[in-house]
Amino acid sequence: MENNGSGQEKEKKLPTLNIISQKETKHRGYGQGSIDLSQLSGVIIDGDEVYLDDGTLHAKSKIEKGIKFTVNADEVPNGRPCWIVWVAVDFKEEGKYYAGVTSCAMTVDPEARKGWKILADHVNRMDYALKRRVMVDNLGEAEKIKLRDFLAAWDPGMWERSDGALKEALS
């Protein structure tokens, strides 16, 4: 809060990042940048379960809720490995396709309400997906197969139109 000189306090306005749709195209100065997340989704791989979770964009997915995360993996000795996979969709003449796919590792221990993840890695990989990169090197073979099967089943046409680099990375 800051004093405006008349004895009344007003709340100080902080810079914000606006998440908007493609309709908005103007940049409005410092602290008023925009990023379009309307074509980005988070897919969770948790053991044998693979599902789309809208909460991933705000770190409020089903497996993240109620978990206190740390950057020290040793603090979560009983954590089970899970992944958030950022999937960006784009359009080409033939139709929509999976354009960027990146995976982020984490562990969760729901009983202890603890987890491990590197937030900077999650943010960077989200950005890489938006920039149409494919980065799934940290997934094991079983997880790659589960993700490939999930994406192909979710929308077979999008899978077919996707670049060979994605298909090769998940084979």
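**Exercise 1. The pocket lining**

Sort the lining of the largest pocket in this predicted model by residue class, then work out which elements supply it.

*Solution.* Start with the classes: the lining has nine nonpolar, three polar and two charged residues. Next, look at the middle of the pocket. Of the 14 lining residues, S41, V89, Y98, W154 and M158 sit nearest the centre. Now go to the secondary structure. At least two lining residues each come from strand 5 (40-46), strand 8 (80-92), strand 9 (95-109) and helix 2 (141-154). Helix 2 gives the largest share, with three residues. Finish with the volume: the largest pocket holds about 210 Å³ of space.

**Exercise 2. Two positive phi values**

Find where A59 and R132 lie, and decide whether each is buried, partly exposed or exposed.

*Solution.* First, the background: most residues other than glycine have a negative phi. Take A59, then. Its phi is near 55 degrees, so you're looking at a positive value in a non-glycine residue. A59 belongs to the loop that runs between strand 6 (49-52) and strand 7 (68-70). Its relative accessibility is 38%, so A59 goes down as partly exposed.

Now do R132 the same way. Phi is near 70 degrees here, again positive in a residue other than glycine. You'll find R132 in the loop between helix 1 (119-130) and strand 11 (134-135). With a relative accessible area of 33%, R132 is partly exposed.

**Exercise 3. Cysteines**

How many disulfides does the model have, and are C82 and C104 buried or exposed?

*Solution.* Set the cut-off first: a pair of cysteine sulfur atoms has to be within 2.5 Å. Apply that and the count is zero disulfides. Then turn to accessibility, where buried means under 20%. C82 has 0% relative accessibility, so C82 is buried. C104 also comes out at 0%, and therefore counts as buried.

**Exercise 4. Where to be careful**

What average pLDDT does the protein chain have, and what should you make of residues 14-22?

*Solution.* Begin with the whole chain: the average pLDDT is 85, and 79% of the residues score at least 70. Then zoom in on residues 14-22, where pLDDT stays under 50. The model does give this stretch 23 contacts beyond four places in sequence. Before you dig into those, remember that predicted coordinates shouldn't be read in detail where pLDDT is low.

Notes
Residues numbered from 1 in each chain as written. Predicted model: local features only at pLDDT ≥ 70, side-chain atom pairs only at ≥ 80, totals over all residues. Heavy atoms only, no water. Buried < 20%, exposed > 50% of the residue type's maximum accessible area, 1.4 Å probe, protein only. pLDDT = per-residue confidence, 0-100. Contact = heavy atoms within 4.5 Å. 1 Å grid on protein atoms, 1.4 Å probe; cavity = no way out; pocket = protein on both sides within 12 Å on 5 of 7 lines; lining within 4 Å. Points joined across faces, edges and corners; volume = space filled by probe spheres on them. Helix = DSSP H or I, 4+ residues; strand = E, 2+ residues; numbered from the N terminus. Nonpolar A, V, L, I, M, F, W, Y, C, P; charged D, E, K, R; others polar.
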